[in-house]
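Open the model in your viewer and keep the selection tool at hand. The tour goes from one selection to the next.

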Amino acid sequence: MNKPVASEEPTPEPEHTRVGLSKEALKRAYIDNLFYLQGRFLEVATAHDLYMAAAYTVRDRLLERWINSARTYKKKNARTVCYLSAEFLLGPHLMNNLINLGILNDARKAGEELNLNFRAIIEQEEEPGLGNGGLGRLAACYMDSLASLQIPAIGYGIRYEFGIFDQRIENGWQVERTDAWLRSGNPWELSRPKLRFHVKFGGHTERFEDDGNTRVRWVPDLIVNGVASDTPILGYGVGNVNLLRLWKAEACESFDFQSFNLGDYYGAVNAKVLAENISKVLYPNDEPEAGKELRLKQQYFFVSCSLQDMIRLQLGTDGSLDRFHEKFAAQLNDTHPAVAIPELMRLLVDEHHMAWDEAWAITRNTFAYTNHTLLPEALETWSVELFGRLLPRHLEIVYEINTRFLDEVRVRFLGDDERVARMSLIDEGHGRRVRMANLATVGSFAVNGVAAMHSELVKSTILKDFYDLWPEKFHNVTNGVTPRRFVVVSNPRLAALLTEQCGNDRWIRDLTCLKALEEHVDDRGFQKQWRTVKTAAKQELANWLAEHAGAGVDPQSLFDVQAKRIHEYKRQHLNVLHIITRYERLKADPDLDLAPRTFIFGGKAAPGYFMAKLIIKLINSVAEVINKDPQINGTLRVAFLPDFNVKNGHRLYPAADLSEQISLAGKEASGTGNMKFSMNGALTIGTLDGANVEIREEVGEENFFLFGLTAEQVRSSQAEGYRPWDFYNNNLALKSAIDLINSGLFSHGDTQLFRPLTDNLVHHDPYMVLADFQDYLDRQRDVDHIWSEQERWDRMSILNVARMGKFSSDRSIRDYCENIWKAAPVPAEVEDAVR
């Protein structure tokens, strides 16, 4: 009898090199990309080559998901969120995409087997120079959450050739250097040279008759092309990939051959220079008139391209613009994109011959507006002369919108001429200016603030008249940040501990799952692990500061961090006054029992903002004196982390013990740095300002160091006639600190260097630093006391993290989807993408 032949198991086919997620597929893909795209082999590849090959390997795995997502959205004609923002502060892509794909461990093992330095490759990535502060980082967090929640979305902005600037500190002063982030290419974007739109500027308008209708033709002085570049934004653990589409300005004819032949070499490329300046740099200095003109050009340029693209997509899917507002919800991230409102009207009325009332109904049901500031001076306006010179047709449209709107106001509020003047889109009292916040409010179906307190202040102060008219328009959506980047990427040790303690990693998608940590808050073993994770992060930051900032700091000391844009209302100088007071106490009594503390600052000042740059100089000058004083002996250290950005934030957020959120109450809209620090276990010392109010409510008032006047007390004090001189004269510690600055101790004997700052504090103090000083000092003493009780501090730190669920950007996006955009998830299955 013949024995049965044992059936052989079929050999599984290897995963496709372009889309496979296994370690072996990643290794094959990496070698292929290094060879075919970089033209290198391992033995001769530069550090940049190695990074580019890694980036292309990961991008390959995004592309099929991206195509599949686009196909799914088109097939289902899904409602799409269009997020219009002048900036997107994305941060490095590589690590974030590895995590969202779920292949970080396999990628690390693949690198090890190829004898690659995985960490060095990650560090090689240049941070995209597409944003500056909280506004741009919020936009980036929202793009991450939109994709993770499977909401069809397109982010629209500008592909800046140069970022705002790289910050260097020289002799204590901020020095701006060119942020040439594209010098070595950007592997994450796909150029779309055929996807381009004409954008017009200047000229005049002409009226003409067309089949009995009076129409308007815009005859421009200048036409430029907007060319698209696309970056895929992958959601965490899903098949959905959304689109970030950024526009680059190009001349319609970049080289005038006739001028060149006549010897006019500059004239031959003049059109190219004029066009490319539009997308050359993020936030050009707008102090000179040319800077103002360039900023307005930038704003109009990107919204015009974006709206033309949205119209193209709608016509390609539906064939009609009648339901444009049903297809798209366009969010205006502050007033920078507000010129989109008259631009959509122009496109619908002038280009697509829609009746005014129909076009206005579509426009008002397309846009929603997020307000980001309570500072009246920060509410954007443009002179009518500049606006009309650059955008003549849009000024006519704004006038028409205003005429019709003010008629509505007059009927609603009979005889209230002052209210009519306040609500007008044109400010007639300050040289005739177009009020962009008013335009955004009138032309949108929803208006939201970015923290509960901020939203209430918007309704009661800067937009009160509009709230009286349309209360149903106003909403609150408290800001949030993505835990993927600001815990998983930034703080892998903490992420691993959270997953271990919770029993799973569901918290990465649902941050409220961290409430489970509360069960372990008194577990001494867990507290020890918590402390070990924090100390390791502090040691890494200390090493980095020693190498890049020349600052030797003790990781066992309390790390007290204030990292944010340098501005008087954020009150970095209040922090400095406390440091000087602390220094004086130690000098008076070297044996004083004060816990060692390291003060770390980070942040950029606007190039034209003298007072902010003087604050940076003061911080560094104080650091120079204190850090060199042998009497202090390390009990007090001060460091300034240069070039604060997302990449450096990854180092800073995990290492902070104390987060300084000390802006004057009523001035900060929300803040997101406060959330990032708390999410990584820092305790907060802060005022009742912005999202601090909600953070304190969530983490518990006993786990938050509160000080300072309330917003109502601020208004009352200023109305009664605030006298900072009285605070200076009546507080010995405060007077001594300011006098010490004026003595020249921190300026090599120059008694005048910091006078503009100290004189402003003593005689004006618009942000009430002196009024809040003593309360701030008292709470800092509470910080010292609790820091000395290590288990109590650890307990408070754990509770801060456990109770941060509300501040995930996933929750923010759900709020937008449910209350404003009415957008629903459209899953794009991973299996379909890979197949």
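Does Phe474 count as buried or exposed? Select Phe474: its relative accessibility is 11%, so Phe474 counts as buried, the cut-off for buried being under 20%. Keep in mind that this is a predicted model.

Now add Tyr467 to the selection. The ring centres of Tyr467 and Phe474 are 5.5 Å apart and the ring planes stand at 90 degrees, so this pair is edge-to-face. Tyr467 has a relative accessible area of 28% and is therefore partly exposed. The structure holds 23 aromatic pairs.

Go next to helix 29, residues 724–730. Select Trp725 and Tyr728, which both lie in this helix, 3 residues apart, or about one turn. Their ring centres are 5.3 Å apart with planes at 45 degrees, so the pair is tilted. Trp725 is partly exposed, at 38% relative accessible area, while Tyr728 is buried, at 9%.

For a cluster, select Tyr83, Tyr142, Tyr816 and Trp821, which are linked by ring pairs.

Last, show helix 1 (residues 23–36) and helix 4 (residues 104–113). Two packed helices are described by the angle and the distance between their axes. Here the axes come within 9 Å and cross at roughly 55 degrees, which makes helix 1 oblique to helix 4. The crossing is right-handed.

Which residues meet in this contact? On helix 1, select Lys23, Glu24, Leu26 and Lys27; on helix 4, select Asp106, Ala107, Lys109, Ala110 and Glu113. By class, the contact has 3 nonpolar, no polar and 6 charged residues.

Methods
Residues numbered from 1 in each chain as written. Predicted model: local features only at pLDDT ≥ 70, side-chain atom pairs only at ≥ 80, totals over all residues. Heavy atoms only, no water. Axes fitted to C-alpha atoms, helices over the stretch in contact; angles between N-to-C directions. Helix = DSSP H or I, 4+ residues; strand = E, 2+ residues; numbered from the N terminus. Parallel < 35°, antiparallel > 145°, perpendicular 65-115°, else oblique. Left-handed = near helix turned anticlockwise from the far one by under 90°. Contact = heavy atoms within 4.5 Å. Nonpolar A, V, L, I, M, F, W, Y, C, P; charged D, E, K, R; others polar. Phe/Tyr/Trp six-rings, centres within 6.5 Å; stacked < 30°, edge-to-face > 60°. Buried < 20%, exposed > 50% of the residue type's maximum accessible area, 1.4 Å probe, protein only.
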